[in-house]
Protein chains: 2
Amino acid sequence: MIALKPGDRIGILGGGQLGRMLAMAAARLGFDVHVYTDEADSPASRVAARTTLAAYDDHAALGAFARDVGVVTSEFENVPAETAEALVAAGAVVRPNPRALAIAQDRVEEKRFLNSADVATAPFSAIADLQDLKGKLDLMKPPAILKTRRLGYDGQGQARITKLTDAEAAWEKIGQAPGILEGYCPFEREVSIIAARGEFGAIVFYDLCENDHTGGILTRTRVPAQAAPAVTAAAQEAARRVMVELGYVGVLTIEFFLMKDGTLVANELAPRVHNSGHWTIDGAVTSQFEQHVRAICGWPLGPADRLFDAEMINILGDEAHAWARFAADPGARLHLYGKRDTRAGRKMGHVTRLKPRGS
Amino acid sequence: MIALKPGDRIGILGGGQLGRMLAMAAARLGFDVHVYTDEADSPASRVAARTTLAAYDDHAALGAFARDVGVVTSEFENVPAETAEALVAAGAVVRPNPRALAIAQDRVEEKRFLNSADVATAPFSAIADLQDLKGKLDLMKPPAILKTRRLGYDGQGQARITKLTDAEAAWEKIGQAPGILEGYCPFEREVSIIAARGEFGAIVFYDLCENDHTGGILTRTRVPAQAAPAVTAAAQEAARRVMVELGYVGVLTIEFFLMKDGTLVANELAPRVHNSGHWTIDGAVTSQFEQHVRAICGWPLGPADRLFDAEMINILGDEAHAWARFAADPGARLHLYGKRDTRAGRKMGHVTRLKPRGS
């Protein structure tokens with residue numbers, strides 16, 4: 001049990017844009033931030049009081065980091081298990097806890113966990129090798145998607161399988177790594193629920209988000225989602241069960257497929273703030289970043305009320321060169337992440353557009 | 001003429017809370033920030049990519065700073081003239097320009113300038129010494145206020161004079177420094193106008209703010225101010241004249257006394273973002289901090305529209321110890337500045353409360 005006070009230091013694993021926005025939210029509440037990253041000149045470190053530039057398996061650096069901060073959180077779920085363990089061994093309070101991180105970084109464990117918490121997923125099978133894939137594909141039948149179990153993000157490490165003979169090419173495409181075969185879900189929309197749980201179990205939910213992806217990368221989020229109240233209630237209930245089961249503290253996101261019959265199929269669990277929640281900076285009483293800081297510091301959660309209807313557009317890759325156009329658009333709230341290099345599909349920033357609620 | 005692009009570096013003179021909030025606004029737009037301060041472990045440096053810790057008369061450090069950044073701005077008006085000159089000599093673009101800084105840091109120059117721009121002030125006289133004070137007081141008649149010409153802020157360096165025999169005590173109280181004797185204004189309210197002027201002369205105004213001071217320190221700001229539209233128009237016109245006359249680029253604030261007859265008497269000119277504009281972070285489309293960054297970087301100004309009725313309460317001195325109460329108040333948007341020491345009257349943070357417009 002901890003309750004950090006203003007002036008105390010928060011540790012963030014990872015130096016990307018989520019860490020950057022977390023760091024700014026923490027600073028707004030009077031906290032200092034210490035970023036731990038293996039990336040020199042990272043976006044988060046440029047707004048943080050301290051940075052440790054070291055590998056995620058550098059136990060000496062991790063120990064010093066753990067002793068320097070009152071709580072450790074993470075901006076990405078692929079924190080190596082040994083990193084989290086080394087931090088805990090050095091006495092750090094890690095929030096969300098290492099179990100949540102471990103589950104979220106393995107797609108098979110994630111789906112098994114979701115099912116155990118009574119949250120529906122697509123049918124899935126763990127895949128050990130090509131022969132295994134062929135056998136499981138015979139049972140599941142295409143269309144299906146083969147993904148790596150680990151380290152996939154933004155559509156990386158995925159291969160679509162439309163017929164049995166695609167198996168070998170798909171296995172090659174994901175790098176012959178341990179995989180997961182998922183049944184294809186003919187969804188109507190993609191939605192996400194962003195929730196937060198505090199140290200003493202209080203839970204708040206943001207309004208359901210509706211998301212567009214292109215090539216596996218989020219391009220647009222709109223709130224409110226076009227979905228019946230029962231859909232929102234079901235998404236909230238799923239998030240609640242997951243957080244309670246994990247003893248979770250912090251912001252958590254579940255991405256779902258919304259099927260034609262109104263049912264939800266959980267696609268991904270993110271034990272962190274999420275791209276589909278960026279609209280909360282401009283459009284909610286408490287941003288998801290401040291909410292996460294409040295939760296991990298043992299503070300009361302803030303109201304998650306939505307103030308506006310909102311649309312969030314990601315600025316991807318070369319689109320960032322059009323910054324002057326965004327800067328001149330009076331309807332666009334511009335957020336740029338300070339990334340030095342533009343690469344295709346790389347998240348460089350986002351724009352939020354607000355409208356009065358219900359307009 | 002400059003136009004900074006995302007990733008470029010902005011220099012900020014001063015490490016206090018205004019610099020901190022400017023730095024965060026700059027980061028949001030993708031800029032890096034380099035803070036120049038003589039204060040170790042300053043609030044602003046803890047959210048900045050770089051810090052130079054040096055005296056304001058360290059020409060070598062100023063030169064290196066000037067060469068490192070695309071534009072230099074300031075979070076306080078008392079930048080020594082030689083500091084600004086050294087920066088300009090080293091090739092820096094200083095915004096607002098040194099003339100605006102020089103005028104705002106000398107109360108006599110400030111009032112002379114305001115009058116020359118056809119902006120009314122209280123009657124005033126420059127005071128060289130005690131004999132001068134006695135003579136001027138004979139002419140002006142009490143009640144009056146004696147202030148230092150320079151380096152006064154938050155009610156420091158001021159002495160109220162209610163009768164002729166107060167002269168010696170008042171002269172002692174302001175430290176026998178060159179002064180200004182101002183006629184007392186029996187005002188009805190205190191208001192402020194926050195305006196911004198862009199590189200190419202575009203001007204935007206925030207709604208008129210109504211301010212409460214205690215002991216010379218701002219305690220509360222409310223928007224909208226209780227004032228007729230003609231009062232707002234007069235305040236805007238005064239700010240416009242001042243900015244045009246100065247060739248000003250950036251955010252500028254004028255504090256006024258609103259007299260019973262509806263006329264405005266300018267009390268202070270701040271060539272910077274201002275405490276009475278903190279509500280804009282939560283309550284306006286573009287915060288005063290982002291607006292200033294946009295202006296000094298040669299970007300188009302953002303909309304200054306107010307989204308809510310707002311009340312901003314400063315957290316002063318020991319009130320900061322009540323952070324847990326503020327953190328638990330769902331109606332309070334909490335901003336803490338990361339100051340290590342609480343001192344009586346020191347600005348430690350602020351809280352903004354929002355209501356629907358016109359409610």
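This is a short talk on helix 6 of chain A, the contact between chains A and B, and some salt bridges.

Hi everyone, a word on ground rules before we start. This is a predicted model, where local features need pLDDT of at least 70 and side-chain atom pairs count only at pLDDT 80 or more, while totals for chains, interfaces and linings use all residues. Residues are numbered from 1 along each chain as its sequence is written, chains are lettered from A and ligands numbered from 1 in the order in which they are written, and side-chain values use heavy atoms, with hydrogens and water left out.

Let's begin with helix 6 of chain A, residues 130-140. Helices here are DSSP runs of H or I with at least four residues, strands are runs of E with at least two, and both are numbered from the N terminus. Which residues of this helix are buried? They are A:Asp132, A:Leu133 and A:Leu137, where buried means under 20% relative accessible area, exposed means over 50%, and partly exposed is in between, using a 1.4 Å probe and protein chains only. These three sit on the same side of helix 6 of chain A because they cover an arc of only 130° around the axis, the arc being that of the directions from the helix axis to the C-beta atoms. The face turned away from that buried side carries the exposed residues A:Gln131 and A:Leu139.

What do the buried residues pack against? In chain A, their partners are strand 5 (124-127), strand 6 (144-148), strand 7 (158-161), helix 7 (167-173) and strand 8 (179-183). As for the ends, A:Asp129 caps the N-terminal one, with a side-chain oxygen 3.3 Å from the backbone nitrogen of A:Gln131. After the helix comes A:Lys141, with a positive phi near 70°.

Now over to the two chains. Contact means heavy atoms within 4.5 Å, and 36 residues of chain B are in contact with 36 residues of chain A. Together the chains bury about 3000 Å², 56% of it on carbon and sulfur atoms; that is the accessible area (1.4 Å probe) that two parts lose on being put together, summed over both.

How many salt bridges are there between chain B and chain A? The count is 6, a salt bridge being a side-chain nitrogen of Lys or Arg within 4 Å of a carboxyl oxygen of Asp or Glu. One pairs A:Arg340 with B:Asp32, the closest N and O atoms being 2.7 Å apart. On the chain B side, the elements giving two or more residues are helix 1 (17-28), helix 9 (280-283), helix 11 (323-327) and strand 16 (333-336). In that pair, B:Asp32 is buried, at 2% relative accessible area, whereas A:Arg340 is partly exposed, at 40%.

Let's finish within chain A. A:Arg149 and A:Glu109 meet in a salt bridge at 3.8 Å, N to O. A:Arg149 lies in the loop between strand 6 and strand 7 and A:Glu109 in helix 5 (residues 107-116), so the pair ties together parts of chain A that are 40 residues apart in sequence. A:Glu109 is partly exposed, at 33%.

A second pair, A:Arg294 and A:Glu290, meets at 2.9 Å, N to O. Both lie in helix 10 (residues 288-296) of chain A, 4 residues apart, about one turn of the helix. Are they buried or exposed? A:Arg294 is buried, at 3% relative accessible area, and A:Glu290 is buried too, at 7%.

Last one: A:Arg189, A:Glu210, A:Asp212, A:Arg220, A:Arg222 and A:Glu311 are linked in a salt-bridge network. Thanks for listening!

Technical notes
Polar contact = N/O pair within 3.5 Å; in protein donor to acceptor, adjacent residues only side chain to side chain.
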